[in-house]
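Visitor: I have a structure open here and would like to go through it with you. Could we begin with the overall picture and then turn to details?

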Amino acid sequence: MQRYLIRRLLSLLGTLLGVTILIFLLVHLIPGDPVQYLLGEHPTDEAIAALNAQLGLDRPWYVQYASFVGKLLQGDLGTSYITGYTVWQEIVERFPITFQLALYSVILATVIGIVVGVISAVKQNTWVDRLVVFFSLIGISAPGFWIALFLIWIFAYKLPIFPISGYDGFFSLILPSITLAMGEAGLIARMTRSSMLDVIKQDYMRTAQAKGAPHLWMILRHGLQNAVIPVITLIGLEFGALLAGAIVTETVFSLQGLGSLAIESIGKRDLPTIQGLVFFVAFLFAITNLIVDLLYSWFDPRIKYE
Amino acid sequence: MSGNLSQLEVGHETHPPLRAAESPVTPSPSYWSQVAKRLFRNKTAMAGALILLIFTIGCVCAPIIAPYPIDQMNFKDRMMGPGAKHLLGTDDFGRDIFSRLLYGGRISLLTGLITVTVASAIGVTLGVIAGYYRRLEIYIMQVMDILLALPALLLAIAIIAVLGPGLTNAMIAIVIAVIPSYVRIVRASVLSIREKEYIEAVRALGIKDRVILAKHILPNILSPIIVLMTVQFGGSILAAAALSFLGLGAQPPIPEWGAMVYVGKAFLGQAWWMSIFPGLAIMLVVLGFNLLGDGLRDALDPK
């Protein structure tokens, strides 16, 4: 286990180093001079040179890259050209909304997805099953921005219950959370169903049935407990992806989260924020994936990492 | 347990499974005819195919079917609700939404077709190379791991930030973002058959690698590629629509479905049909591909 962990961490470091190269490359290929953008129209040559020097953009690219990675190693994600805040401060300010959004939608999707998936598997090939399969596919196929607009149309325009956009506490996160949960619930229900169907065919399920275990107990204790492992992986990965920013949903509901920060900073050519944010997201994504992998062996002691 | 019983029945009904990745020889024509038979018997897959057929015919025949030209403005009829004169209503310039949807569908379907073709061509090539040539595997997979380290949409947005907004650039971004999924699946499939005796046999005969890959390996890993391509077709349409919705893909007044939803968003209170119908079209097409993909998966790999 320890050796596995060390190996995984080393490969994670390699990937993150690769990500820094990718980000650095992308950001420096972005057309448009950020200095020109900052100084507005008709800046003097001296002003341009001064700002270039101040931001360190007059240095050769490899020095800039080394400085970027060097600062990252000290936990410094850079400083925004536009706001003057550190990227870390920007992230800390925006993260709570994204985190709440990811959490609520994953909880909602998990509850719906697992319950519906189990019912669907137990009632395989009945109309209940077909309905579940159909609606989970609808959830996966519908564009998130469309679900969002649909919900806004019904619950903000037709029945003015929820705010149309902006953040004003838990209440304003309900519609965005439902939006995100629809697709996730579809995925989780499908995975739960197919995993449960595999488990139901096992000998120990027949044994449990033969010895007269109550039906519900059998499904939950012997069935779901064994079927849930791949589902947990999926939930973990989806949570990681949502933490990385629900870009579209945040944009539709005008929520100030990480996703909208990404869109805004690209629009403003705020290179340090783009660099720092994308790295932070990749880091978060990688860490959640690692944790999910490790949880695997905790849920299923048969899995041993060597 | 009814579940078990029906499983058994299905097992009786179908012929002994010939799994593509494990079959000892290049799949024979009878293998594919069996797949086709299973697919045609699958009601949900056929429902998906029907949805796609209707949309394809509608979009191809747009010039014949569409009641109005896509850019014909009529301010007297602006934001008119769905009805006899305008089946799905009109937009803020009085343009007929149904006509625009038909023409916009050409863009969305073409976007899916182009991105899937290009991404699968590159992804399959890289995947086969990574699976067959040990020396190159580590380099290719390292690059794929780096691309996979970022959520696909964020990666696509970052690429568009470099290339600039627009439909072509959005397609390039989507292609780059989905290539890793092809590479991973193809590599794993190649790995699983590379050491099989029949491959060793043709290698011992001194046949060139190029021929082995094209004639003996690729035909045996087609199943997962076909399923992935089908699902990715819908996925690419969805991604392109999302990028257009964010203002990074097709730009209004192009009647791309995502762009139409974006324009309609501002008028949601007064004219819901402006955004709800284009979104519905996206959902139906993606649903069609997902239904067909599910059916193909069952038909190609019956258990």
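Guide: The following exchange covers the two chains, the domains and a few residues. Please keep in mind that this is a predicted model.

Visitor: Understood. How many helices and strands does chain A have?

Guide: Chain A has 13 helices and zero strands. Read from the N terminus, its elements run α-α-α-α-α-α-α-α-α-α-α-α-α.

Visitor: And what is the secondary structure of chain B?

Guide: Chain B contains 13 helices and zero strands.

Visitor: What box do the C-alpha atoms of each chain fill?

Guide: Along the principal axes, the C-alpha atoms of chain A fill a box of roughly 85 × 60 × 30 Å. For chain B the box is roughly 75 × 50 × 40 Å.

Visitor: What share of the residues is buried in each chain?

Guide: In chain A, 49% of the 306 residues count as buried. In chain B, 52% of the 303 residues do.

Visitor: What about the accessible surface?

Guide: Chain A exposes about 15200 Å², and carbon and sulfur atoms supply 67% of it. Chain B has an accessible surface of about 13700 Å², with 69% belonging to carbon and sulfur atoms.

Visitor: Changing topic to charges: how far apart are the mean positions of the positive and negative charges in chain A?

Guide: Chain A carries 19 positive and 20 negative charges, and their mean positions are 18 Å apart. In chain B, with 24 positive and 18 negative side chains, the centres of the two sets lie 3 Å apart.

Visitor: What part of the contacts in each chain joins residues 24 or more positions apart?

Guide: Among contacts with a separation of 6 or more, such pairs account for 74% in chain A and 72% in chain B.

Visitor: Now the domains. Which domains does the assignment give for chain A?

Guide: The domain assignment gives domain 1 (2–73) and domain 2 (87–299) of chain A. Their C-alpha centres lie 33 Å apart.

Visitor: How many residues of the two domains of chain A are in contact?

Guide: In chain A, 19 residues of domain 1 are in contact with 15 residues of domain 2. The two domains of chain A bury about 1600 Å² between them, 80% of it on carbon and sulfur atoms.

Visitor: Which residues of domain 1 of chain A lose the most area to domain 2 of chain A?

Guide: They are A:Arg8, A:Leu16 and A:Val27, which together make up 28% of what the domain 1 side buries.

Visitor: On to single residues. Where is A:Leu242 found?

Guide: A:Leu242 is found in helix 10 (residues 215–243) of chain A.

Visitor: Is A:Leu242 buried or exposed?

Guide: A:Leu242 is buried, because its relative accessible area is 7% and the cut-off for buried is under 20%.

Visitor: What does A:Leu242 touch?

Guide: Leaving aside residues up to four places away in sequence, A:Leu242 touches A:Thr98, A:Ala102, A:Ser105, A:Val106, A:Leu180 and A:Glu184. A:Val106 is 136 residues from A:Leu242 in sequence, yet their C-alpha atoms are 8.6 Å apart in space.

Visitor: One last residue, A:Thr273. Which helix holds A:Thr273, and what does A:Thr273 touch?

Guide: A:Thr273 has its place in helix 13 (residues 271–299) of chain A. Not counting residues up to four places away in sequence, A:Thr273 touches A:Ser80, A:Val87, A:Leu261 and A:Ser265.

Visitor: Why does A:Thr273 count as buried?

Guide: A:Thr273 counts as buried because its relative accessibility is 1%, and buried means under 20%.

Technical notes
Residues numbered from 1 in each chain as written. Chains lettered and ligands numbered in written order. Predicted model: local features only at pLDDT ≥ 70, side-chain atom pairs only at ≥ 80, totals over all residues. Heavy atoms only, no water. Helix = DSSP H or I, 4+ residues; strand = E, 2+ residues; numbered from the N terminus. Buried < 20%, exposed > 50% of the residue type's maximum accessible area, 1.4 Å probe, protein only. Contact = heavy atoms within 4.5 Å. Areas by Shrake-Rupley, 256 points an atom, 1.4 Å probe, with all protein chains shown as cover. Lys, Arg positive; Asp, Glu negative; His and termini not counted. Charge placed at Lys NZ, Arg CZ, Asp CG, Glu CD. Domains from an automatic or database assignment. Buried area = accessible area lost by both parts, 1.4 Å probe.
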